Amino acid sequence: MSTNGEGQHPVKLDFLGNLRRTHKCGELRAENAGDRVLLMGWVHRRRDLGGVIFLHLRDITGITQVVFRIENAAEVHARAEHIRGEFVVAVEGNVEKRSAETVNPNLPTGEVEVVVEKVWILNESKPAPFPMEDDLSVGEESRLKHRYIDLRRHRMQQNIRMRSDVSFAVRNSLFEQGFHEIETPFMTRSTPEGARDFIIPSRLSPGSFYALPQSPQIFKQLLMVGGYERYFQIVRCFRDEDLRADRQPEFTQIDLEMSFVQQPDVFVVIEKMLVRAFAAAGFQIEAPFQRITYREAMDSYGIDKPDTRIPPFHRVESLFEGTPISGNGLPMVAILIPKVGQISRKERDELKAFGQEKNLRVFDDAKRLERDYPEQMAKVREITGAAEEDLLLLANWAAEPDAHLPEREALKACGQLRLYAAQKYADRHKLLDPKKFNFLWVVDFPMFEWDPEENRWVAAHHPFTSVHDEDLDLLTTDPANCRAKSYDIVLNGVELGSGSIRIHRADVQQKVFSALGFTPEDAQHRFGFLLEGLSYGAPPHGGIALGLDRMVMILAGETSIRDVIAFPKTARGTDLMCEAPSDVPDKLLRDLGIMHIRK
């Protein structure tokens, strides 16, 4: 005997015993009329009309309406009076067709209902901390605090089921392409390069630490040395970094590596896998995907992960050379956003204000430009294909003539203006359809980036990326112009994954470490076991890792990966449900040789 969720009435709870449900709640249809069924689930909604009580019974497949009528079964009706929202119940009865005026078109089961003759109350529930309806706004803090309740909501169940379906499709595709699923260690050594590691103290080796892997990179390369040729895993990775909507301290990636391959071989594998994964989520995509170089991406979009649903911008500085609006030798671009129509003075001011934040001069009045520079603007319209209903902007760097700025930074600012304008008028031009999937391979990234804080070159991808064969001599003479055999897979402006052809020769790996400023001793200390492995006949190999969380987020139409992860952390990296991270007993810290710092 217990009390109901409101603490008002005693509720006798039943045991499951030998009960077996005959159907799921979302399965019943008009053709089931007359069937005897036994359903189990949670009470989604309750409506009491006195002599008749209606419950919406919910499980992971959907909702069925069940009816308790006092004239049919008074004792059963009496028990139903104690049932409240989120109680777990089983009901047995006959399926009946609803009358035409009571059909619920919003439910797949809306043509029928179950007239209950037996009921079992399997568990009670306290009042839920928030409504189960998807269309009601619920604060994320409350959702994450009571995640086990949030996971019952239809939207979350759809997302998590989609994630499972996509993962299954990924595995099937890779198995069919000859891959082996192999696990790599979660406890390894720290190799600080890039994001910060999560560190685990060792009790058996006081003063020494394991690190949680940021990726299985080194291990999967060593699997190629081991002769497995085609490896993959859907793997948890860990990075101690500042968080955003598409970041988590622990995340999941689709990780793979292949021996005896070139870039196009990797692309074919991934395209087949993505076609299969997207089909599992109900979307048809076509391969092969478009391919452009990093240089082309920067010159046409100002970003290395362009959203190609939006037209590229065009560099037009040569057309305006010597005019008052010249860009002082830096890029001037023409930005076209189709079918925006007329914009107000206020909207023009907002575009200019955004440009000023990025140190850009924005020329938003195409008609005035055509009056002042008719020949140049005629050519701009020809290059861009601009029509009257399109928004046409010119932009260049708002710097003094003697100011110095790398071209890349100017293009980046223009790319940000392009995205801002497209997103601002998305409801007018219909370009940014979330169900339009524009995939893109970006290749030939720079091998190195200059880090002004450390005053040295750092790996743009990671230090195991192979350099283009013809650029090998530039490693030490001209690292700025070294091109890597690296590639990104981009979807609608989101980087889904990064990969590269790896360095398989120990002598080349040592040269790259030297270009990065590592002494031989430092390289040996950090990556000695990899260098040793490469010296034992490592095959040419390459691979890639794709973010499963991001992919499912896009497929589900969500804006945060927290909505496609069963138990995510907050933006501050905390678990509100488990209250982690948490304090631990002093004895455990002493065993680990750690001094307890009191808050």
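Is Val467 buried or exposed? A few notes on that and on two other spots.

1. Val467 is buried, at a relative accessible area of 2%. That sits well under the 20% cut-off, so the label isn't a borderline call. Keep in mind that this is a predicted model.

2. As for where it is, look in the loop between strand 20 (456-459) and helix 13 (474-477) and you'll find Val467 there. Setting aside neighbours within four places in sequence, Val467 makes contact with Met447, Leu472 and Leu475, and also with Cys482, Arg483, Ala484 and Lys485. If you want a reference distance, 36 Å separates the C-alpha atoms of Val467 and Pro201, which are 266 residues apart along the chain.

3. Now for another loop residue. Met187 belongs to the loop between strand 8 (180-181) and strand 9 (199-201). Its relative accessibility is 46%, so Met187 counts as partly exposed: the value falls between the 20% and 50% cut-offs.

4. Met187 also takes part in a nonpolar patch on the surface, alongside Phe186 and Tyr210. Together the three have about 280 Å² of accessible area.

5. Helix 16 (residues 548-556) is worth a click too. This helix is mostly covered, with eight of its nine residues buried. The buried ones are Leu548, Asp549, Arg550, Met551, Val552, Met553, Ile554 and Leu555, so charged residues such as Asp549 and Arg550 are on that list as well.

6. Just after helix 16 comes Gly557, and its phi is positive, near 70°.

Note on methods:
Residues are numbered from 1 along each chain as its sequence is written. This is a predicted model: local features need pLDDT of at least 70, side-chain atom pairs count only at pLDDT 80 or more; totals for chains, interfaces and linings use all residues. Side-chain values use heavy atoms; hydrogens and water are left out. Buried means under 20% relative accessible area, exposed over 50%, partly exposed in between (1.4 Å probe, protein chains only). Helices (H or I, at least four residues) and strands (E, at least two) are DSSP runs, numbered from the N terminus. Contact means heavy atoms within 4.5 Å. Patches are made of residues with over 30% relative accessible area and no salt bridge: like charges are joined within 9 Å, nonpolar side chains (Val, Leu, Ile, Met, Phe, Trp, Tyr) within 5 Å. Accessible areas come from the Shrake-Rupley method with a 1.4 Å probe; for residues, only the protein chains shown count as cover. A salt bridge is a side-chain nitrogen of Lys or Arg within 4 Å of a carboxyl oxygen of Asp or Glu.
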